[in-house]
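Please open the structure in your viewer and keep the sequence panel beside it, since each stop on this tour begins with a selection.

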Amino acid sequence: MFFISPFNFPLDFLSNFNKLKPHNLRKTEQKSFYMKKENSDVNKIDNSEWLNSILLQEKQKNSLNIHHLRKIGNNILKNTNFPSKKDESWRFTKLDRLFGMKFVNIQPEVESEFTKKYFLENSEGRCVFVNGVFFPNLFQSKNDTNSYFLGKFSDLEEKEKEKIRDLAGKGESGINGGFFPILNMANLDEIAVLVVKAESKIKDPIQILFASSTNKNPICINQKLIIVCEKKSSVKIIQHHVGNNESEFFDNSTTNVLVDEGAQLDFFLINQVPEQASNFNSIHADLRKSSSFNFLSTSFGGFLSRISLGIDLNGINASCNVEGITVVKNSQISDIHSRISHNYPLCKSSQLHKNLISDKGHAIFAGKVQVHNGAYETESNQLCKSLLLSQTSKVDSMPILEINNEDVKCTHGSTVSDLDQEQLFYFKSRGIPVEKARFLLTIGFIKEIIEKLPKELNENLSQSVNNLIKK
């Protein structure tokens, strides 16, 4: 092989340049190089062992459709790199502890009684999965279910399965979502499905509870939810992730949403897993003409949590409103990556995310709004606000706008602050203890979002904030 040097001296001078260095320095550099190479190989082996411990877990016997999705996922996974800090979307997120978990091919004893404390009182329907397994005895439907279907993918008729299957691989929750959604597809146990029939108006929320229960050995759970809101329907859905106090697990979930013409969906995503667990949610929403999608997420569980949200406004006059709260304490890491793409004219989007960070917690926000060519008269606003409650807490916030159109109204921004000392002094001068003043100011920071949650969830989050302040 021949090289052409851009310099006046030959390349053999560069290759011999190392010989001019002191002998002991050359040895040190060589030793350092081999150590780096050795460490890199060790990490690669560790990650492969981690992946194999997931792939070797016993799967449920399911329909040919799910088996087919697993096969596609496995084939793609073979050529997919592990995420690392070299990847732009993972450069702030530490994955060491997650990749350090070792899963065993032993089916744990499943305990489902603990899930009952998370049941919502005034729900229209409820569907419960524990460790990826559907529990029919915990299923509930208040009224006649002619207005919607809620249950397992395997219970659908064949024609309905074909429609649902086409949604399974789209966007952030499909093969284009990266390593973890592909891992989810390769290890699917079951798919939960909710189909709201055309022109149905469902007043009370439908709760889909994904719970995890383990004894001693960590498990990895890969589950998928598909939601279809047919034309001119409206519904509220709560996707709730929980675990019993002793559980150590990795919940790797994906959700696909289709909001058809003129339909409205209010979607709540709640991460309430224990702190020794990890929760990943990859979500894609396809919004059609004149549809409305209101998304609200709260995350206050897990040593590592991540939401990857993608929304495509695929019809004139479609709109979305995205709100979120992240509560991070101890050494927790919480990461939200979002993408909102305006693909059609006359669409509107808004996004407001708030972070509460204490101790050595780390919050990450990366929100991208795209306005594509032809999407005229677009309106979009985006804001991330972070409140740091300790000297060691940390936030990385990256609001991004990509505009390929002139006729738009778009804003974005990010703020980071701590509790206002003047406001604390004002409370103290009125005889209010400092601890209570801190609680009131902190609750005030997130009040506009949490008051939109159902009563039970609002109380849970308020208690979590109270515990944060007392530390």
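What follows is a walk through a helix, two strand residues and a cavity.

Before making the first selection, please keep in mind that this is a predicted model.

**First stop: helix H6.** Select residues 179-186, which form helix H6, and show their side chains; the helix is mostly covered, with eight of its eight residues buried. Reading along the selection, you will pass Phe179, Phe180, Pro181, Ile182, Leu183, Asn184, Met185 and Ala186, each of them buried.

**Second stop: Asn222.** Next select Asn222, which is found in strand E7, a strand made up of residues 219-229. Is Asn222 buried or exposed? Its relative accessibility is 2%, and because buried means under 20%, Asn222 counts as buried. If you now display its surroundings, leaving aside neighbours within four places in sequence, Asn222 is in contact with Leu183 and Asn184, two residues that you have already seen in H6. The other contacts of Asn222 under that condition are Ile54, Asn187, Leu188, Asp189 and Asn252. With Asn252 there is also a polar contact between the two side chains, at 2.9 Å.

**Third stop: Thr255.** Move on to Thr255, whose place is in strand E9, residues 249-259. Thr255 has a relative accessibility of 0% and therefore counts as buried. Which residues does Thr255 touch, if those up to four places away in sequence are not counted? They are Ser173, Leu225, Ile227, Gln239, Phe267, Ser282, Ile283 and His284. Pick out Gln239 from this group, for its side chain and that of Thr255 are joined by a polar contact of 3.0 Å. Then add Leu309 to the selection: Thr255 and Leu309 lie 54 residues apart in sequence, while their C-alpha atoms are 9.5 Å apart in space.

**Last stop: the largest cavity.** A search of the whole structure finds three cavities of 30 Å³ or more, and the largest cavity has a volume of about 60 Å³. To find its centre, select Ser299, Ser305, Ile307, Ser334 and Asp335, which are the closest to that centre among the 13 residues of the lining. Colouring the strands will then help with orientation, since strand E12 (292-299), strand E13 (304-313), strand E14 (319-328) and strand E15 (333-342) each supply at least two residues of the lining. How many residues of the lining of the largest cavity are nonpolar, polar and charged? The lining divides into three nonpolar, eight polar and two charged residues.

Technical notes: Residues numbered from 1 in each chain as written. Predicted model: local features only at pLDDT ≥ 70, side-chain atom pairs only at ≥ 80, totals over all residues. Heavy atoms only, no water. Buried < 20%, exposed > 50% of the residue type's maximum accessible area, 1.4 Å probe, protein only. Helix = DSSP H or I, 4+ residues; strand = E, 2+ residues; numbered from the N terminus. Polar contact = N/O pair within 3.5 Å; in protein donor to acceptor, adjacent residues only side chain to side chain. Contact = heavy atoms within 4.5 Å. 1 Å grid on protein atoms, 1.4 Å probe; cavity = no way out; pocket = protein on both sides within 12 Å on 5 of 7 lines; lining within 4 Å. Points joined across faces, edges and corners; volume = space filled by probe spheres on them. Nonpolar A, V, L, I, M, F, W, Y, C, P; charged D, E, K, R; others polar.
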